[in-house]
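Subject: Structure handover

Hi,

Here is the structure I promised to pass on. My notes follow below it.

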Amino acid sequence: MKKLLVLLFALLCLGQIAAKVDLNTATLSELLQLPLTEKQAQDILDYRDYIAIFSDLYQLREIPSIDQKTLLSIKDLVVVSLYIEEDEVAARRDEIRDLMERLDSNEGASEGMSDVWEDYLMTPQNVNRMHFDDFISLPNVSAVDAVGILRRIAQGDTIADMRDLRNTVGLSYYGYTNLRSYVFYKEPPVKNRFMWDAQMQYYTRYLEEGAYDMYHESFLRSDFQNTAVTVPHRKDLAYWGYFNMDRIDPEMLVKLRARYGNNYKVGWMYFSPRGETDITDKPAKEIIADSKFYAGYENTELPILDNTRLKLYLGHYRATYGEGLVMENTDFYSARKTGYGFSKRILGITPDLSRTQEYALRGVALEITHPLVGVSAWFSQDDKDAVMYVDQNGDTVKEQGKDKVFSYVVPTTRFDNSELREAEAWFNSELQSGTSYATPYINLAYRKDALREKLWGAHVQVNPIIGTKLGFTTYTALYNDAYFMVPDWNDLKMLLVRDSYYYPKFKMMDAEISGLYSTLNDEYKRDYRRVLGFDAQTTIGNVSVQGEYAELSVDGKDLKLGDDPKAYIVSAYTQYDNLYFLTLFRNIDVKFDNPYSNAFSEHERFNDTILEKNVYALTNPKLSDIYLNCPQAQPEKGIYFETRYKFDRFFTIGRSYLDIWERLTDGRRSARLQTELEFRPLYQIALRLRFKDQVNRYDDLAERGVSKTDEYTASIRAFLSNRDFLEFEYRYNTVLSPPYTSLTNPAEPGNNSMAAAMTLMTGDYIGVNYTHHFNPNLTLQGSFIYWFGHGISHWDWEDMEIDFMGEKGSKAWIALHSRISRNMYLTLKYRNKTYQTQELSIRQYNVPVDGENLFQRVEHSENTIRLNLEYRY
């Protein structure tokens with residue numbers, strides 16, 4: 001009985017303590033539950049945020065609005081928790097950890113941008129000294145927000161603190177909440193301190209569907225079907241079997257970064273993608289050659305003019321300007337990259353430890369900026385991967401004493417050149433053992449580091465008034481040892497297609513391939529590629545207008561507009577407190593081939609060409625890499641609208657857009673619409689409905705290229721206590737496809753020639769997502785998905801990446817995030833994906849159904865592990 005009474009007494013004491021309000025952690029709403037006025041409660045928060053953490057109750061008397069009577073009235077209702085002073089760098093890292101997770105998971109982080117944003121978070125800038133481009137390079141901070149802050153500062157009204165920043169006229173609440181973590185006001189939160197971090201990542205990644213199919217495409221002799229009985233099909237007649245790509249080769253990444261305050265920064269990274277030689281088996285010289293590194297110096301207060309800044313970087317860096325038409329070097333494509341929200345461009349020169357390899361810039365870059373003017377210049381020298389013309393022995397073909405190059409390429413797997421030549425010789429022997437093809441050998445082949453490129457670039461910008469700028473950007477890439485040579489459309493099919501039987505597969509869309517840039521043809525001869533253009537932006541009230549125009553110098557004059565392949569983008573952004581509206585128009589010529597461009601478009605270049613659709617017809621299936629990893633925008637002309645509107649405290653129209661565009665190679669007109677509505681009756685509950693519709697060839701419903709895709713999504717989200725999260729999602733898809741009458745009802749005399757109806761395919765998907773925080777240092781995330789595609793491709797945003805899924809299956813993953821010590825962070829993720837491929841019916845053209853071969857669905861099971869270990873000091 002005594003033990004029971006002691007237990008009840010202890011529970012009662014704990015209940016009394018738990019019922020009290022903690023002055024060091026209480027929110028405004030919790031303080032207002034006490035006998036306090038709203039002003040007194042706000043004064044307590046301000047004292048805690050800007051003066052000192054409470055160490056005892058009687059510190060309340062230091063607040064002018066708290067008199068003795070008030071103190072006595074709340075004395076028994078409050079408690080002061082123990083507060084331990086923490087190192088300022090460690091505190092800053094904890095403060096930004098959740099923000100970085102949000103940046104990484106918001107529709108996938110832009111490649112390499114998180115590193116830069118983390119630098120900005122760790123070493124924030126003085127908001128009273130920032131330039132216009134500094135503001136608009138931050139996520140979800142608009143030009144309208146930037147102008148509001150800069151105009152206030154120009155009037156001599158210095159921003160003193162976070163509360164003062166919020167009161168800035170013209171700064172939206174959304175812009176304020178995203179900006180506040182990147183700035184300081186008087187004294188930096190982290191002063192001249194040495195900081196460094198190390199990261200190691202191990203990832204057993206599987207290839208995506210397009211690359212998987214490319215490597216499985218076999219090199220078969222022309223009479224293979226007749227000899228298949230005596231010469232069985234061998235796996236080693238495809239890249240997949242020859243290189244034994246069934247084995248699980250993990251990706252390995254090692255990254256080191258260090259910085260001293262805001263001035264000195266160094267970094268080094270080694271990345272070994274799937275299928276490449278392991279780092280432990282590489283000589284040191286090769287590791288250094290394949291690594292990325294930088295050493296940088298930044299000075300925000302040059303003595304030349306007030307508020308003049310300097311950046312100087314050696315090694316790898318990124319250069320980004322305007323709308324990404326002239327210069328934005330990356331290997332990664334992002335659809336509908338508007339330059340707003342989380343699809344931002346970080347303007348200017350920044351260090352680069354991203355996974356970009358092909359279009360990385362390595363050399364020296366200098367940037368000097370002032371509120372009224374800015375100048376940048378850069379030089380890069382690097383060996384680039386390329387698709388080369390080769391002879392039957394695998395040797396590079398020469399043209400006028402120089403290597404003959406077809407195109408840049410971002411390879412899925414960077415095989416060594418010696419390995420590739422051996423494989424190609426083996427494949428050629430098979431191709432030439434039967435009846436001769438039109439092209440009986442591999443005539444175009446990937447080669448690693450085959451093209452020596454020297455690149456000079458410059459950008460000049462003037463900012464006559466706040467929010468207005470005009471810039472000029474150009475670069476010249478020099479090729480001393482090679483010529484780019486691409487035949488015209490009529491001759492190109494004989495270069496790309498192995499068997500003349502498949503020449504009809506070469507379509508109008510393939511003009512995108514013949515539009516690749518040549519440095520040697522019948523009209524001119526040169527050893528360079530030059531792109532130049534100008535960008536402009538102005539802000540009037542709550543409207544920002546910006547755009548960029550670019551030209552690729554071919555046979556026109558550099559200083560004359562309109563006589564060369566061109567591209568231009570113009571957009572207008574209107575901002576209100578609860579509404580924004582974006583309009584964007586783009587026009588990108590077919591022959592505008594700028595490998596350093598990464599502009600807005602619906603699709604990447606070469607989409608729907610023979611490089612994607614008919615890989616089996618190519619002289620070398622690996623040519624499909626030109627499409628699979630292309631960062632360039634497809635030649636399009638169209639207009640795009642986007643908005644978000646919170647029209648009621650309970651209802652919000654989420655990010656919604658309408659895009660209407662025309663593919664310039666074949667004139668196909670398409671439209672894509674997405675809209676979503678969120679109903680939030682309580683803060684903890686959100687109900688979402690999303691609708692997506694896309695129509696291809698909407699202007700001619702009788703054309704075989706017509707298709708209509710609809711997607712309906714309903715989800716319920718619960719925001720639980722301790723920042724836990726639970727979501728249920730259901731998705732239903734329909735695809736309406738055109739009839740293929742020659743396959744369903746052969747239109748020959750005596751056969752039923754009645755046209756077949758359009759085909760309607762349906763598919764659905766159900767998923768559950770969950771996040772649980774055990775404590776501030778341990779978090780568990782997980783998801784389970786089941787889908788049935790019926791021929792429809794489903795997709796899923798998984799953790800920090802997008803995943804496209806097969807015909808039918810399920811997927812489950814779980815990730816553990818742990819701070820295992822003061823400075824060490826661990827992420828461990830396991831995923832299982834089990835799915836079936838689609839049934840394939842293979843037969844000869846216009847042959848009755850009796851002659852078909854049916855390939856049943858094949859079940860795949862993928863198990864992946866991602867281990868990420870970081871040490872931050």
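Is Arg-663 buried or exposed? Arg-663 is buried, with 3% relative accessible area. Keep in mind throughout that this is a predicted model.

**Salt bridges**

Stay with Arg-663 for a moment. Its side chain meets that of Asp-666 in a salt bridge, 2.8 Å from N to O. Asp-666 is buried too, at 14% relative accessible area. Both values fall under the 20% cut-off, so both partners of this pair count as buried.

The structure holds 57 salt bridges. Another one joins the side chains of Arg-257 and Asp-119, at 3.7 Å from N to O. This pair links distant parts of the chain. Arg-257 sits in strand β6 (residues 251-260), while Asp-119 sits in helix α6 (residues 113-122). The two are 138 residues apart. How accessible are they? Arg-257 has 5% relative accessibility and counts as buried. Asp-119 is buried as well, at 4%.

Lys-708 and Asp-710 make a mixed pair. Their closest N and O atoms are 2.9 Å apart, and they form a salt bridge. Asp-710 is buried, with a relative accessible area of 9%. Lys-708 is partly exposed, at 33%. There is also a network of salt bridges that share partners. Its members are Glu-676, Glu-678, Arg-680, Arg-688, Arg-690, Lys-692, Glu-711, Glu-729 and Arg-731.

**Strands around β12**

Which strands does β12 pair with? Strand β12 covers residues 373-389, and I would start the tour of the sheet there. Its partners include β11, β15 and β14.

- β11 (residues 361-370) runs antiparallel to β12, and eight bridges join them. The two strands form a hairpin, with two residues between them. Gly-363 stands opposite Ser-380 of β12.
- β15 (residues 444-462) also runs antiparallel to β12, with 16 bridges joining the two. Here Ser-380 stands opposite Leu-455 of β15.
- β14 (residues 402-408) pairs with β12 in the antiparallel sense over three bridges. Ala-386 stands opposite Tyr-408 of β14.

Ser-380 is a handy landmark. It stands opposite Gly-363 and also opposite Leu-455 in β15.

**A nonpolar surface patch**

Two of these strands turn up again on the surface. Which residues form the nonpolar patch? They are Leu-372, Val-373, Val-375, Val-460, Val-462, Leu-470, Phe-472, Phe-534 and Leu-561. Together they have about 760 Å² of accessible area. β12, β15 and β16 (469-478) are the elements that give two or more residues to the patch. Phe-472 lies in strand β16. At 40% relative accessibility, Phe-472 counts as partly exposed. The cut-off for patch membership is over 30% relative accessible area, so Phe-472 passes on that score.

**Backbone points to check by eye**

Two residues stand out for their phi angles. Asn-307 has a positive phi of about 60°, although it is not a glycine. Asn-307 lies in the loop between β8 (292-302) and β9 (308-320). Asn-307 is buried, at 9% relative accessibility.

Asp-449 is the other. Its phi is near 50°, a positive value in a residue other than glycine. Asp-449 lies within strand β15, the strand that 16 bridges join to β12. With 33% relative accessibility, Asp-449 counts as partly exposed.

**The whole chain**

Now the totals. The protein has 873 residues, and 51% of them are buried. Its secondary structure comes to 20 helices and 36 strands. Take the contacts between residues at least 6 apart in sequence: 66% of them join residues at least 24 apart. The accessible surface is about 40,600 Å². Carbon and sulfur atoms account for 57% of that surface.

**Where to look**

For a quick pass, begin at Ser-380, opposite Gly-363 and Leu-455. Move on to Phe-472 in β16 and the patch it belongs to. Then find the salt bridge between Arg-257 and Asp-119. Finish with Asn-307 in its loop and Asp-449 in β15.

Best wishes

Conventions:
Residues are numbered from 1 along each chain as its sequence is written. This is a predicted model: local features need pLDDT of at least 70, side-chain atom pairs count only at pLDDT 80 or more; totals for chains, interfaces and linings use all residues. Side-chain values use heavy atoms; hydrogens and water are left out. Two strands pair if DSSP finds at least two bridges between them. Helices (H or I, at least four residues) and strands (E, at least two) are DSSP runs, numbered from the N terminus. Buried means under 20% relative accessible area, exposed over 50%, partly exposed in between (1.4 Å probe, protein chains only). Contact means heavy atoms within 4.5 Å. Accessible areas come from the Shrake-Rupley method with a 1.4 Å probe; for residues, only the protein chains shown count as cover. A salt bridge is a side-chain nitrogen of Lys or Arg within 4 Å of a carboxyl oxygen of Asp or Glu. Patches are made of residues with over 30% relative accessible area and no salt bridge: like charges are joined within 9 Å, nonpolar side chains (Val, Leu, Ile, Met, Phe, Trp, Tyr) within 5 Å.
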